[in-house]
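Please examine the sequence and the structure shown below. How can the terms used for such a model be justified from its values?

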Amino acid sequence: HELDPELPVTGLQPFAEWTGRILAQPRFQAALLSLFAALALSSDYTVDDAYISFRYAANLAAGHGLTFNPGGPRVEGYTNFLWTVLLAAGMGMGLDPLALGHWLGLGFYAGSIALLWRAAGKFWPLAAVGWGLHWHAQSFATCGLETAMFTFLVTAMLVTLLRAEHA
């Protein structure tokens with residue numbers, strides 16, 4: 001049995017190797033991601049501000065443009081253009097904005113966890129597990145706001161930059 005030269009010679013190396021093998025199993029990763037998704041879904045609530053985006057998205061999908069009141073002044077009352085456009089696209093396909101906001105948010109939350117997990121490489125994916133267990137990350141994943149999407153996009157950018165720097 002040969003020791004890893006990067007790890008200090010301690011009694012922890014067999015434990016690190018064993019947990020590394022467990023964490024590398026796709027079935028374990030899927031089970032953990034399912035647990036995180038279930039935790040996020042258990043905090044099922046919608047923030048009142050999400051309804052602002054739903055209203056703008058509904059009017060955009062109906063052909064009235066990005067306006068809160070059709071025929072009224074075009075006031076930019078949303079703070080999340082991309083999220084509003086995504087919601088409008090889904091609403092244009094007949095999807096319920098409340099469910100769409102929850103499922104898109106959950107998908108972006110899971111995507112952030114997956115990005116952090118892959119970025120960990122051979123190291124323990126502590127950031128991924130930490131983010132998956134973080135109560136605010138879970139609750140904002142399904143609140144109808146763009147928080148999970150924003151987090152995913154920033155995480156993707158940072159992971160890309162770090163990979164380019166180390167390439």
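The following questions and answers concern this predicted model.

Q: What makes up the secondary structure of the protein, helices or strands?
A: The protein has eight helices and zero strands. From the N terminus on, its elements run α-α-α-α-α-α-α-α.

Q: How do you know that the span of helix α5 is close to the expected one?
A: Helix α5 covers residues 97–119 and has 23 residues. The expected span is 1.5 Å times one less than the number of residues, and for α5 this gives 33 Å. From its first C-alpha to its last, α5 reaches 32 Å, which is close to that value.

Q: Why are P97 and W117 in α5 called buried?
A: A residue is called buried if its relative accessible area is under 20%. P97 and W117 are among the residues of α5 that are buried, and therefore each lies under that cut-off. Others in α5 include L100, F108, Y109 and I113. In the protein, buried residues make up 31% of the 167 residues.

Q: What follows α5?
A: α5 is followed by G121, whose phi is positive, near 60°.

Q: Why can F81, L82, V85, L86 and L153 be called a patch on the surface?
A: Patch residues must have over 30% relative accessible area, and nonpolar side chains are joined within 5 Å. F81, L82, V85, L86 and L153 form such a nonpolar patch, so each of them passes the 30% cut-off. Together they have about 410 Å² of accessible area.

Q: Which helix gives the largest share of the nonpolar patch?
A: Helix α4, residues 81–92, contributes four residues, the largest share. F81 lies in this helix.

Technical notes
Residues are numbered from 1 along each chain as its sequence is written. This is a predicted model: local features need pLDDT of at least 70, side-chain atom pairs count only at pLDDT 80 or more; totals for chains, interfaces and linings use all residues. Side-chain values use heavy atoms; hydrogens and water are left out. Helices (H or I, at least four residues) and strands (E, at least two) are DSSP runs, numbered from the N terminus. Buried means under 20% relative accessible area, exposed over 50%, partly exposed in between (1.4 Å probe, protein chains only). Patches are made of residues with over 30% relative accessible area and no salt bridge: like charges are joined within 9 Å, nonpolar side chains (Val, Leu, Ile, Met, Phe, Trp, Tyr) within 5 Å. Accessible areas come from the Shrake-Rupley method with a 1.4 Å probe; for residues, only the protein chains shown count as cover. A salt bridge is a side-chain nitrogen of Lys or Arg within 4 Å of a carboxyl oxygen of Asp or Glu.
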